[in-house]
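Me: I'd like to go through this one label by label and ask what earns each of them. Ready?

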Amino acid sequence: MALSPKSDDALLVVDPQVDFCPGGTLAVPGGDAIFPAVNRAAERLPVVVASRDWHPADHVSFQARGGPWPVHCQAGTPGAEFYPALDRSRLDHVFSKGTDPDQEAYSAFQGTGLADWLRGRGVHRLFVAGLATDYCVLASVLDARGEGFEVVVLEDAIGAVEVKPGDGRRAVEDMQRAGATVGQSGVLG
Ligand code: VGL
Ligand code: ZN
């Protein structure tokens with residue numbers, strides 16, 4: 001498969017937010033290091049969208065409600081903002097997820113209308129970047145495959161939480177098993 005950009009390509013940047021970067025409440029180690037590759041891909045692809053984790057204060061995934069995570073990406077707070085190194089000028093649309101207090105939503109496709117939006121733009125192949133490899137990137141890639149998109153995961157533009165060591169590698173293997181291709185942002189020229 002030729003990985004050079006085509007007119008029916010898009011880039012999905014999953015949750016490139018302050019709380020998922022060093023200093024944030026749910027930081028991905030080295031999460032801030034993805035942005036040169038993310039911005040490079042965004043410059044080269046004709047359609048660029050981002051998802052954002054956008055939780056209410058009493059979200060079911062928070063430890064106060066018995067969930068696995070500390071408070072993160074609370075809608076409207078500084079931790080939920082896009083990380084400053086992200087070139088937001090390239091974004092055509094932003095999809096908010098996890099907004100229902102009683103429902104977890106790791107995937108950028110869950111309850112957002114993203115699949116129909118992309119089809120409406122004539123997109124067939126989706127490049128995927130963002131945070132975190134082992135949660136929201138994984139879930140988004142699996143849903144993208146389920147929706148029938150070709151998927152290329154940009155390995156230098158993703159980062160894993162690694163609650164357990166090896167979670168990132170296992171997540172990439174799961175994506176490949178689902179039919180995703182893995183490449184580097186450099187393939188885009
Ligand atoms: C995420 C954990 C909780 C993610 C979101 O964006 O990968 N991970 N909420
Ligand atoms: Zn979340």
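Me: Where does Ala 132 sit, and what makes the flanking pieces a strand and a helix?
Reply: Ala 132 is in the loop between strand 4 and helix 3 (133–146). Those names come from DSSP runs numbered from the N terminus: helices are H or I with at least four residues, strands are E with at least two. This is a predicted model, where local features need pLDDT of at least 70, side-chain atom pairs need 80 or more, and totals for chains, interfaces and linings use all residues. Residues count from 1 along each chain as written, chains are lettered from A and ligands numbered from 1 in written order, and side-chain values use heavy atoms, with hydrogens and water left out.

Me: What makes the bond between Leu 131 and Ala 132 stand out?
Reply: The peptide bond there is cis, with omega about -10°. Most peptide bonds are trans, and most residues other than glycine have a negative phi.

Me: Which residues break the phi habit?
Reply: Cys 73 has phi near 45° and Glu 162 has phi near 55°; both values are positive in residues other than glycine. Cys 73 belongs to the loop between strand 2 and strand 3, while Glu 162 is in the loop between strand 5 and helix 4 (167–177).

Me: How do you know whether Cys 73 and Glu 162 are buried or exposed?
Reply: By relative accessible area: buried is under 20%, exposed is over 50%, and partly exposed is in between (1.4 Å probe, protein chains only). Cys 73 has 0%, so buried. Glu 162 has 33%, so partly exposed. Gly 122, in the loop between helix 2 (114–120) and strand 4, comes out at 31% and so is partly exposed too.

Me: Why is Asn 39 called buried?
Reply: Its relative accessible area is 16%, so Asn 39 falls under the cut-off. Asn 39 lies in helix 1, where Phe 35, Ala 37, Val 38, Ala 41 and Ala 42 are among the other buried residues. The cover over the buried residues of helix 1 includes strand 1 (9–14), strand 2, strand 4 (125–131) and strand 5 (150–159).

Me: What does Asn 39 touch, and what makes one link polar?
Reply: Contact is heavy atoms within 4.5 Å; leaving out residues up to four places away in sequence, Asn 39 touches Ala 85, Leu 86 and Asp 87. A polar contact is a pair of N or O atoms within 3.5 Å; within protein one must be able to donate a hydrogen and the other to accept it, and sequence-adjacent residues count only if both atoms are side-chain atoms. The Asn 39 side chain reaches the backbone oxygen of Ala 85 at 2.9 Å, so that distance is inside the limit.

Me: What about Asp 9, buried or exposed?
Reply: Buried, because its relative accessible area is 0%. This strand 1 residue reaches the backbone nitrogen of Lys 6 with its side chain at 2.7 Å, and a 2.8 Å polar contact joins the side chains of Asp 9 and Arg 125.

Me: How do you know what coordinates the zinc ion (ligand 2)?
Reply: Donors are N, O and S atoms within 2.8 Å of the metal (3.2 Å for Na, K and Ca); water isn't among the atoms, so sites may look incomplete. Asp 53 (OD), His 55 (NE2) and His 72 (NE2) coordinate the zinc at 2.0 to 2.2 Å. Asp 53 in strand 2 and His 72 in the loop between strand 2 and strand 3 are 19 residues apart.

Me: Why is the zinc site called irregular?
Reply: The angles among its 4 donor atoms run from 86 to 170°. Four donors are tetrahedral if all angles lie between 85 and 135 degrees, so 170° rules that out. Four are square planar, and six octahedral, if opposite donors are over 155 degrees apart and all others between 65 and 115; anything else is irregular, and irregular is what this site is.

Me: Which polar distances tie ligand 1 in?
Reply: A ligand 1 oxygen is 2.7 Å from a side-chain N or O atom of Asp 15. A nitrogen of ligand 1 is 3.0 Å from one in Asp 53, and a nitrogen is 3.1 Å from one in His 72. Alone, ligand 1 exposes 260 Å², and the protein buries 100% of that (Shrake-Rupley areas, 1.4 Å probe; for residues, only the protein chains shown count as cover).
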